[in-house]
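Trainee: I would like to take a close look at a single part of this model, and I would be glad of one connected account rather than a list.

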Amino acid sequence: REMFWLVRAVELSVLENVEYGTELTVSTEVIGFRRVMARRRSEFHLAGSERPIAEAITDWVLLNDAGRPARPPREILDVFGDQPGEYTPLRVLHREPQAADAVHTSFGVRRSESDPMAHVNNAGYIDYLDEQYLTVFDAPLSASLPVPRRYRAEFVGSAIPGSRLTASSWQDDLAWCCRLADDGGREMLRATLEVDPATWVGG
């Protein structure tokens, strides 16, 4: 039908760090529809265990071939029936930081970070967030991130390979905030990372 789903926002709770190569069991279900949007809930377990190690709520928007929001076809709604209900879309609202509170870094978007549509993949944005967190606390990129931790990310724009982004990062109460913008000042990402202050890198 020349339509595609685009991730709009995610809330991701990481309860345990997982090493590369670890076998996981993942369950996914659609839990809501809103006109041109849908919400998905995913739960991650170590294979053979019932204890969750991560949970994610993801909001998607359906776009047509012109890139405009579109209602899901009747066939999709018929499959899921009337069970998925309304919900409030995830939003990330930042308090404006004081000039002295924010740390600014600039970097280029690599081709390997883009998806088949030549936009930065949403997982790539989370990688940027992790890297900025470690950079602010002057930790090596190989350092382990604290657990548990919770990400809230709203994907506002689509960065493309070759573009340059500026990350502005600051602390706000118990959350660490990050905003990404391109050279023209257009927002690409608004996000927060919540961790126990006692587990902060460098804390």
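What volume does the second largest pocket have?

Mentor: Bearing in mind that the model is a predicted one, the second largest pocket has a volume of about 340 Å³. Of the 19 residues that line this pocket, L6, V7, D115, V120 and S158 are the closest to its centre. At least two lining residues come from each of β1, β4 and α2, and β1 makes the greatest contribution to the second largest pocket, with five residues. Sorted by class, the lining of the second largest pocket comprises twelve nonpolar, five polar and two charged residues.

The largest pocket, for its part, holds about 1,200 Å³ of space, and of the 33 residues that line it, those closest to the centre are V14, D127, D130, R149 and Y151. Here β1 (4-14), β3 (37-46), β4 (52-63), α2 (122-136) and β6 (149-155) each provide at least two lining residues, and it is α2 that gives the most to the largest pocket, with seven residues. The class count for the lining of the largest pocket is 19 nonpolar, seven polar and seven charged residues.

Since α2 appears in the lining of the second largest pocket and also in that of the largest pocket, this helix deserves a description of its own. The 15 residues of α2 span 21 Å from the first C-alpha to the last, close to the 21 Å expected at 1.5 Å a residue. At the N-terminal end of α2, N121 acts as a cap, with a side-chain oxygen 2.7 Å from the backbone nitrogen of A123, while just after the helix D138 adopts a positive phi of about 55°. The buried residues of α2 are G124, Y125, I126, Y128, L129, D130, Q132, Y133 and L134, and what covers them includes β5 (103-108), β6, β7 (164-172), β8 (175-182) and β9 (187-195). D130 is thus one of the buried residues of α2 as well as one of those closest to the centre of the largest pocket.

Strand β3, which supplies at least two residues of the lining of the largest pocket, also contains H45. H45 counts as buried because its relative accessibility is 10%, which falls under the 20% cut-off. The side chains of H45 and E43 are joined by a polar contact of 2.7 Å, and, with neighbours within four places in sequence left aside, H45 is in contact with E23, L24, T25, E50, R51, P52 and I53.

Methods
Residues are numbered from 1 along each chain as its sequence is written. This is a predicted model: local features need pLDDT of at least 70, side-chain atom pairs count only at pLDDT 80 or more; totals for chains, interfaces and linings use all residues. Side-chain values use heavy atoms; hydrogens and water are left out. On a 1 Å grid over the protein atoms alone, a cavity is a set of points where a 1.4 Å probe fits but cannot get out, and a pocket is an open set with protein on both sides within 12 Å along at least five of seven lines; lining residues have an atom within 4 Å of a point. Grid points are joined across faces, edges and corners, and a volume is the space filled by probe spheres set on the points. Helices (H or I, at least four residues) and strands (E, at least two) are DSSP runs, numbered from the N terminus. Ala, Val, Leu, Ile, Met, Phe, Trp, Tyr, Cys and Pro count as nonpolar, Asp, Glu, Lys and Arg as charged, and the others, Gly among them, as polar. The expected span of a helix is 1.5 Å times one less than its number of residues. Buried means under 20% relative accessible area, exposed over 50%, partly exposed in between (1.4 Å probe, protein chains only). Contact means heavy atoms within 4.5 Å. A polar contact is a pair of N or O atoms within 3.5 Å; within protein, one must be able to donate a hydrogen and the other to accept it, and residues adjacent in sequence count only if both atoms are side-chain atoms.
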